[in-house]
Amino acid sequence: MNVPNHVAIILDGNGRWAKSKGMPRNYGHAQGAKRVEDICEKAYKMGIQYLTVYAFSTENWSRPQEEVDALMKLLRNYMKTCLKTAEKNRMCVRVLGDKTRLDADIRERIAELEEATKNNDGLHFQIAINYGGRDEIRRAMRKIGEEIREGTLSPEELTEQTVADHLDTYGLPDPDLMIRTCNELRISNFLLWQLAYTELYITPVPWPDFDEQELVKAVEAYNKRDRRYGGVKEA
């Protein structure tokens with residue numbers, strides 16, 4: 001089986017999953033965080049080298065404050081868990097997104113996690129936190145504009161690679177497969193630049209129920225796609 005090198009996942013359905021079990025939404029988010037840890041291990045054993053998950057979007061700040069606070073608390077706890085998991089499995093962890101809006105203690109934990117795992121040779125695991133595709137491109141354009149103003153980059157030198165090198169995902173390959181759970185049929189401002197030629201897989205399974213078998217199904221579906229160089233089918 002041809003295993004995709006880079007898989008991106010939109011972790012959808014935590015709240016609905018919890019509601020279906022008569023539990024609060026925060027319970028679903030907690031179980032979803034545990035599922036991330038499990039899928040990281042399973043993905044690497046399958047041969048997937050890069051895994052990127054959408055954990056908290058720029059739009060998620062508009063959720064009820066109680067839910068946002070609970071998600072931030074969960075994020076704090078997850079940073080500790082992720083460090084232990086990374087040490088165990090030699091994961092290289094990187095956080096995508098605008099970190100400036102996050103509380104100082106969360107930023108510190110992110111920095112510690114990235115520094116402690118930067119030389120690990122296992123799964124490359126990216127977590128998108130306070131991330132939005134349009135915001136990422138805007139921030140990249142600002143950096144490029146500053147370089148042009150300073151004279152370190154000329155407009156004639158601007159290429160697609162220049163843009164890619166200024167995105168949060170610089171140095172990473174574009175995703176081969178993007179999975180979205182809970183049957184949602186949109187990309188929700190996730191990796192807008194990077195998903196240009198990515199295969200999409202939508203499943204009705206909510207994220208807390210997305211196990212190894214579901215990951216295998218997604219990869220099997222990926223194998224049935226007729227991919228060509230550059231993402232374009234031959235006539």
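Contact, in what follows, means heavy atoms within 4.5 Å, and helices (H or I, at least four residues) and strands (E, at least two) are DSSP runs, numbered from the N terminus. The structure is a predicted model, in which local features need pLDDT of at least 70 and side-chain atom pairs count only at pLDDT 80 or more, while totals for chains, interfaces and linings use all residues. Residues are numbered from 1 along each chain as its sequence is written, and side-chain values use heavy atoms, with hydrogens and water left out.

A starting point is helix H7, residues 212-223, whose 12 residues should span 16 Å at 1.5 Å a residue (the expected span being 1.5 Å times one less than the number of residues), and the end C-alpha atoms are 17 Å apart, which agrees. In H7 the residues Glu 214, Leu 215, Ala 218, Val 219, Ala 221 and Tyr 222 are buried, a word that stands for under 20% relative accessible area, with exposed meaning over 50% and partly exposed in between (1.4 Å probe, protein chains only). Seen down the axis of H7, these buried residues fall within an arc of 155°, so they line one face of the helix; the arc is that of the directions from the helix axis to the C-beta atoms. Their cover includes helix H2, strand S5 (177-180) and strand S6 (199-202).

From H2, residues 25-46, the path leads to H3, for the two helices pack at an angle of about 20° with their axes 10 Å apart. That makes H2 roughly parallel to H3, a label for angles under 35 degrees. Axes here are lines fitted to C-alpha atoms, for helices over the stretch in contact, and angles run from 0 to 180 degrees between N-to-C directions. Among the residues that make the contact are His 29, Ala 33 and Val 36 of H2, and Leu 71, Leu 74 and Tyr 78 of H3.

Helix H3 also holds Cys 82, which counts as buried at 1% relative accessibility. Leaving aside residues up to four places away in sequence, Cys 82 touches Met 91, Val 93, Leu 113, Phe 125 and Ile 127.

Leu 113 belongs to H4, where Ile 106, Ile 110 and Thr 117 are buried as well. These four cover an arc of only 65° around the axis, which puts them on the same side of H4. The buried residues of H4 pack against H3 (65-89) and strand S3 (92-96), whereas the face turned away from the buried side carries the exposed residues Glu 108 and Glu 112.

Notes:
Angles under 35 degrees count as roughly parallel, over 145 as roughly antiparallel, 65 to 115 as roughly perpendicular and the rest as oblique.
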